[in-house]
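Please open the model in your viewer and keep the sequence panel beside it. The stops below go from one helix and its surroundings to the aromatic rings.

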Amino acid sequence: MTDQLSAKDWLDQGLKALAKRGFTALKAEPLAKEMGVSRGSFYWHFADIAAYHAAVLKHWREIAAERIIVDVEAAAAGSDALAVLLRRVFSERLALENAVRSWANVDAGARAAVQAIDQRRLGYVEDLLKRAGLTDDVARIRAQIFYWAFLGQALTEQPLPKAKQQAIIDELLRMAAR
């Protein structure tokens, strides 16, 4: 059974469980039961639950920052990468974002992962704003404002109507152009 599931399968299942039930769901036994395998499969890939938690956080960063950046850069070839990014992140369901941030309130490893991803994302948005012609200081300040807007969106339980969401994106893009 252990050769049928990869470490990535376990990590993907962990992110799903984290988004649905929070960080307390990241335990070998319940995850194995959900996946229809024994805990032995889990321990084939991970030394212990702490190693699994660290791997889940690394996988989250890959999905929630690095992969998005790569996708945005590819999709924006010849167009406005900031617009592509804003449309993407403001249209996503962000249960996983909230779950990881809740976990960070009680776990130092999760807190460090959140701080690292915040810095990575902020740096990327700042770079996009500099590419749009803003000075370093203005780009840094506006990147923070844009990121706070994203975090506010993530914390909002009621999704915005599409028209209001588009109006917010349009206003953020106007801010980027000035």
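Which residue caps the N-terminal end of H5? In this predicted model, select Asp 80, where a side-chain oxygen lies 3.1 Å from the backbone nitrogen of Leu 82 and caps that end of the helix.

Next, select H5 itself, residues 81-91, and show the side chains of its buried residues, which are Ala 81, Leu 82, Ala 83, Leu 85, Leu 86, Val 89 and Phe 90. These buried residues pack against helices H4 (49-75), H7 (108-131), H8 (136-155) and H9 (162-177).

Now add H7, which packs with H5 at an angle of about 140 degrees, the two axes being 9 Å apart. Ala 81, Leu 82 and Leu 85 make the contact from the H5 side, and Tyr 124, Val 125, Leu 128 and Leu 129 make it from the H7 side. By class, this contact has seven nonpolar residues, with no polar and no charged ones.

Turn then to the aromatic pairs, of which there are seven. Select Phe 23 and Trp 103, whose ring centres are 6.3 Å apart and whose planes meet at 5 degrees, so the pair is stacked. Phe 23 sits in the loop between H1 (7-21) and H2 (28-35) and Trp 103 in H6 (residues 95-104), so the pair ties together parts that are 80 residues apart in sequence. Phe 23 counts as partly exposed at 28% relative accessibility, whereas Trp 103, at 2%, counts as buried.

Finally, select Phe 42 and Tyr 52, an edge-to-face pair with 4.9 Å centre to centre and 65 degrees between the planes. Both residues are buried, and ring pairs link them with Trp 10, Tyr 43 and Phe 46 into a cluster.

Notes: Residues numbered from 1 in each chain as written. Predicted model: local features only at pLDDT ≥ 70, side-chain atom pairs only at ≥ 80, totals over all residues. Heavy atoms only, no water. Buried < 20%, exposed > 50% of the residue type's maximum accessible area, 1.4 Å probe, protein only. Helix = DSSP H or I, 4+ residues; strand = E, 2+ residues; numbered from the N terminus. Contact = heavy atoms within 4.5 Å. Polar contact = N/O pair within 3.5 Å; in protein donor to acceptor, adjacent residues only side chain to side chain. Axes fitted to C-alpha atoms, helices over the stretch in contact; angles between N-to-C directions. Nonpolar A, V, L, I, M, F, W, Y, C, P; charged D, E, K, R; others polar. Phe/Tyr/Trp six-rings, centres within 6.5 Å; stacked < 30°, edge-to-face > 60°.
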